[in-house]
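Open the model in your viewer and keep the selection tool at hand. This tour goes stop by stop.

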Amino acid sequence: MTRYLIRTIFIVTSLFAVAWVWQIQHHTTQAHYAVYTQQLGQRLSQIAAGSLSPWLNDTIMKTEQSNYREQLEYTLNTYLDLGHFRGITVFNRYGVELGNVGEIDSIVGFIEQHHLPFSVFISPITVNDDTAGYIRFVVDDDIIVAQQLQLQKQQQGMFIVILLIGMFIGGFAIRLYYRKARYAFAK
């Protein structure tokens, strides 16, 4: 009778330990993924700002051309096609909008209409250590959440496979143990 009680306690404790480790791993993965997403957005905005600084210096600062908008929007559309962005906007150093692509004209208007979670990444566009403008990326958080859910489903599938393999190996080990115990007891 005590053997069954000890086995039951061992199984229940093992299940609690597995669930606890699963929860810790899940929270750690979510934290790392959130940090990765923030770093990715910041890096992308810095790269875009760096690539736009020579153009902004040549086009806007020196020549004051009026037909720059088409070229800027073409470049911004290239960035828009790279990821799941709601919108990209470039401002000059005074906050005047130079170009805008995507579905966000105004963040305030977007918030009032959609009530969706999103992240905003802003990076200064510098020319010779002077701020020439700013670039703003608005990233759709629904895409990030969908990727996290997909990762969680993959982890749950792996957990179930590992649990089944563990049960199979445990059952096989118990059969071997009792077979050897019966053989040793019979002698």
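## Stop 1: the sheet

Start with the open sheet, in a model that is predicted. Four strands make up this open sheet, in the order E2-E1-E4-E3, with antiparallel pairing. Select strand E2 (97-102) and strand E3 (118-127) next: these are the edge strands, and each pairs on one side only. Look along the sheet for its twist, which averages 15 degrees from one strand to the next. To see what holds such an arrangement, show backbone hydrogen bonds: strands of a sheet pair through them, either parallel or antiparallel.

## Stop 2: the E1-E2 hairpin

Select strand E1, residues 85-92, together with E2. The two pair in the antiparallel sense over 5 bridges. Which residue stands opposite glycine 102 in E2? Glycine 87 does. Now move to the turn. E1 and E2 form a hairpin, with 4 residues between them. Pick glycine 95 in that turn and check its backbone: phi is positive, at about 90 degrees.

## Stop 3: the helices across the sheet

Add helix H2, residues 68-82. Helix H2 lies across E1, E2 and strand E4 (130-140). Against E2, helix H2 runs at about 40 degrees.

Then add helix H3, residues 107-114. Which strands does helix H3 lie across? They are E1, E3 and E4. The angle between helix H3 and E3 is about 170 degrees.

## Stop 4: the largest pocket

Leave the sheet and turn on a surface. The largest pocket holds about 450 Å³ of space. Its lining has 14 residues; Phe10, Ile11, Ser14, Gly166 and Met167 are the closest to the centre. Show those five as sticks. Then colour helix H1 (2-62) and helix H4 (141-186), the elements that give two or more residues to this lining. Which element supplies the largest share of the pocket lining? H4 does, with 8 residues. Colour the lining by class to find 9 nonpolar, 4 polar and 1 charged residues.

## Stop 5: the cavity

Next, look for enclosed space. How many cavities of 30 Å³ or more does a search of the whole structure find? The search finds 1. The largest cavity has a volume of about 40 Å³. Select its lining: His26, Thr29, Gln30, Tyr33, Gln148, Leu151, Gln152 and Gln155. H1 and H4 are the elements that give two or more residues to the lining of this cavity. By class, the cavity lining has 2 nonpolar, 6 polar and no charged residues.

## Stop 6: leucine 151

Stay at the cavity and pick leucine 151, one of its lining residues. Leucine 151 is found in helix H4. Is this side chain buried, exposed or partly exposed? Leucine 151 counts as partly exposed because its relative accessibility is 28%, between the cut-offs of 20% and 50%. Now draw a distance to threonine 29, C-alpha to C-alpha. The two atoms are separated by 9.1 Å, though the residues are 122 apart along the chain. Threonine 29 also lines the largest cavity.

## Stop 7: arginine 175

Follow helix H4 to arginine 175, which lies in that helix. Is arginine 175 buried or exposed? Arginine 175 is exposed because its relative accessible area is 61%, and exposed means over 50%. Finish with one more distance, from arginine 175 to glycine 109. They are 66 residues apart in sequence, and their C-alpha atoms are 67 Å apart in space.

Note on methods
Residues numbered from 1 in each chain as written. Predicted model: local features only at pLDDT ≥ 70, side-chain atom pairs only at ≥ 80, totals over all residues. Heavy atoms only, no water. 1 Å grid on protein atoms, 1.4 Å probe; cavity = no way out; pocket = protein on both sides within 12 Å on 5 of 7 lines; lining within 4 Å. Points joined across faces, edges and corners; volume = space filled by probe spheres on them. Nonpolar A, V, L, I, M, F, W, Y, C, P; charged D, E, K, R; others polar. Pairing = 2+ DSSP bridges. Axes fitted to C-alpha atoms, helices over the stretch in contact; angles between N-to-C directions. Contact = heavy atoms within 4.5 Å. Buried < 20%, exposed > 50% of the residue type's maximum accessible area, 1.4 Å probe, protein only.
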